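Here is a short tour of one chain, written to be read with the model open beside it. Take a moment to turn it around before reading on.

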Amino acid sequence: GFTLSFHLQFTEEKLGQAEKTELDAHLENLLCRAECTKQNTERIMKQTEVLLQPNPNVRIEEFLYEKLEKKVPTRMNNHEVLGQSMIESGSEFGPGTAYGNALIKCGETEKQIGGAEREFIQSSAINFLTPFRNFLEGDFKTILKERKLLQVKRLDLDAAKTRLKKARVPDARAVAEQDLRMTQSEFDRQAEITRLLLEGVSSTHAHHLRCLTDFVEAQTTYYAQSYQYMVDLQKQLGSFPSTFSSNNNQSSSSSGGASISIPTIPLSASMLSPSPGRGLSGFSELRISSGSRKARVLYDYDAAGSSELSLLADEVIMVSSVPGMDSDWLLGERGTQKGKVPITYLELLN
């Protein structure tokens with residue numbers, strides 16, 4: 001009879017004839033946030049894939065290889081193909097000729113840029129796309145499964161409420177009341193499980209923020225390397241700075257030629273060899289000084305083990321650096337409690 005009353009409950013609710021237990025507002029908000037996170041994660045992931053591999057056929061092929069856990073055949077990218085063509089053409093014209101020599105030098109640089117692009121794509125796929133995909137195929141699927149189960153438990157609960165209303169005989173009422181207590185406690189338990197999973201989306205956001213920083217880091221490195229290769233090439237070609245010959249009908253200045261100036265970007269060594277945690281000058285100072293500072297917590301953090309300290313967003317704790325500790329962590333103190341805390345969750349206060 002339960003299955004029947006379950007379906008009857010569902011149908012009557014749809015027709016607006018039966019009462020329906022509403023989920024509390026907090027849970028509803030969490031469900032909306034999870035759905036919104038899923039949609040936007042998919043959207044960002046898809047567009048990043050398009051950026052990294054504009055050719056949809058190649059993209060699908062690479063994805064299939066990944067699914068089969070086979071090594072993707074390394075094909076040359078466009079920069080490398082152009083580089084190869086330039087080198088071959090330059091060799092035909094003769095490396096001793098000015099044009100042939102220049103083509104070979106350009107070809108070698110294009111291949112270097114191709115290599116930098118390959119590293120950028122690989123780094124982005126591992127540090128940015130994979131965590132996004134893992135959320136969609138892992139955590140989010142679990143959330144959907146538990147949400148579906150919650151819907152089932154809610155329908156059971158409302159069917160039990162309806163049966164109690166209709167029970168007239170004392171014996172029938174007693175059975176219906178016991179049944180209601182049981183379905184209520186099962187519903188409450190499932191609501192709690194679902195809530196805990198949904199609250200975990202906060203740490204998903206914090207994790208994806210770190211992945212986004214890694215992606216920016218990889219892009220910065222790629223563009224910095226590419227720029228450096230081009231500047232070196234220009235020097236080799238002797239076009240630095242180049243002057244237009246005055247027969248270009250330019251109203252040239254008194255110097256007889258307008259020089260093209262190349263903007264030089266101050267490249268820090270760290271751009272060319274990526275290192276995590278750049279731009280965290282306050283944290284670097286803290287490491288050197290080995291003193292302690294106040295820090296505000298940016299997001300909730302659940303300790304992964306007894307050596308770590310759990311954090312609540314907006315609380316203020318003391319942090320200090322411990323020699324030999326991984327550079328992504330600091331020692332946090334709250335009263336008598338101590339433990340490792342991740343620096344990406346903190347903002348140093350003056």
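The report below goes from the whole chain to its sheet and then to a patch on the surface.

**The chain as a whole**

Please keep in mind that this is a predicted model. The secondary structure amounts to nine helices and five strands. Reading from the N terminus, the order is α-α-α-α-α-α-α-α-α-β-β-β-β-β, so the helices precede the strands along the chain. The chain has 350 residues, of which 32% count as buried. Its exposed area comes to about 21700 Å², and carbon and sulfur atoms supply 56% of that. Among contacts in the chain with a separation of 6 or more, 66% are between residues 24 or more positions apart.

**The sheet**

In what order do the five strands lie in the sheet? They form an open sheet in the order 4-3-2-1-5, with antiparallel pairing. Strand 4 (337-342) and strand 5 (346-348) are at the edges; each has a single partner strand, so one side of each is left without a neighbour in the sheet. On average, neighbouring strands of this sheet are turned by 45 degrees against each other, direction ignored.

In general, strands of a sheet pair through backbone hydrogen bonds, either parallel or antiparallel. Three of the pairings in this sheet can be set side by side:

| Strand pair | Sense | Bridges |
|---|---|---|
| Strand 1 (residues 292-297) and strand 5 | antiparallel | three bridges |
| Strand 2 (residues 316-320) and strand 3 (residues 329-334) | antiparallel | three bridges |
| Strand 3 and strand 4 | antiparallel | six bridges |

Individual residues help to find these pairings on screen. Arg 296 has Glu 347 in strand 5 as its bridge partner. Val 319 stands opposite Gly 332 in strand 3. Leu 330, in turn, is partnered by Val 341 in strand 4.

What links strand 3 to strand 4? The two strands form a hairpin with two residues between them. In the turn, Gly 335 has a positive phi of about 60 degrees.

**A patch on the surface**

Away from the strands, which residues make up the nonpolar surface patch of about 230 Å²? The patch is made by Leu 209, Leu 212 and Val 216. Val 216 belongs to helix 7 (residues 201-237). Is Val 216 buried, partly exposed or exposed? Its relative accessibility is 43%, so Val 216 counts as partly exposed, since that class lies between under 20% for buried and over 50% for exposed.

Notes
Residues numbered from 1 in each chain as written. Predicted model: local features only at pLDDT ≥ 70, side-chain atom pairs only at ≥ 80, totals over all residues. Heavy atoms only, no water. Pairing = 2+ DSSP bridges. Helix = DSSP H or I, 4+ residues; strand = E, 2+ residues; numbered from the N terminus. Axes fitted to C-alpha atoms, helices over the stretch in contact; angles between N-to-C directions. Patch = residues over 30% accessible without salt bridge, like charges linked within 9 Å, V, L, I, M, F, W, Y side chains within 5 Å. Areas by Shrake-Rupley, 256 points an atom, 1.4 Å probe, with all protein chains shown as cover. Salt bridge = Lys/Arg side-chain N within 4 Å of Asp/Glu carboxyl O. Buried < 20%, exposed > 50% of the residue type's maximum accessible area, 1.4 Å probe, protein only. Contact = heavy atoms within 4.5 Å.
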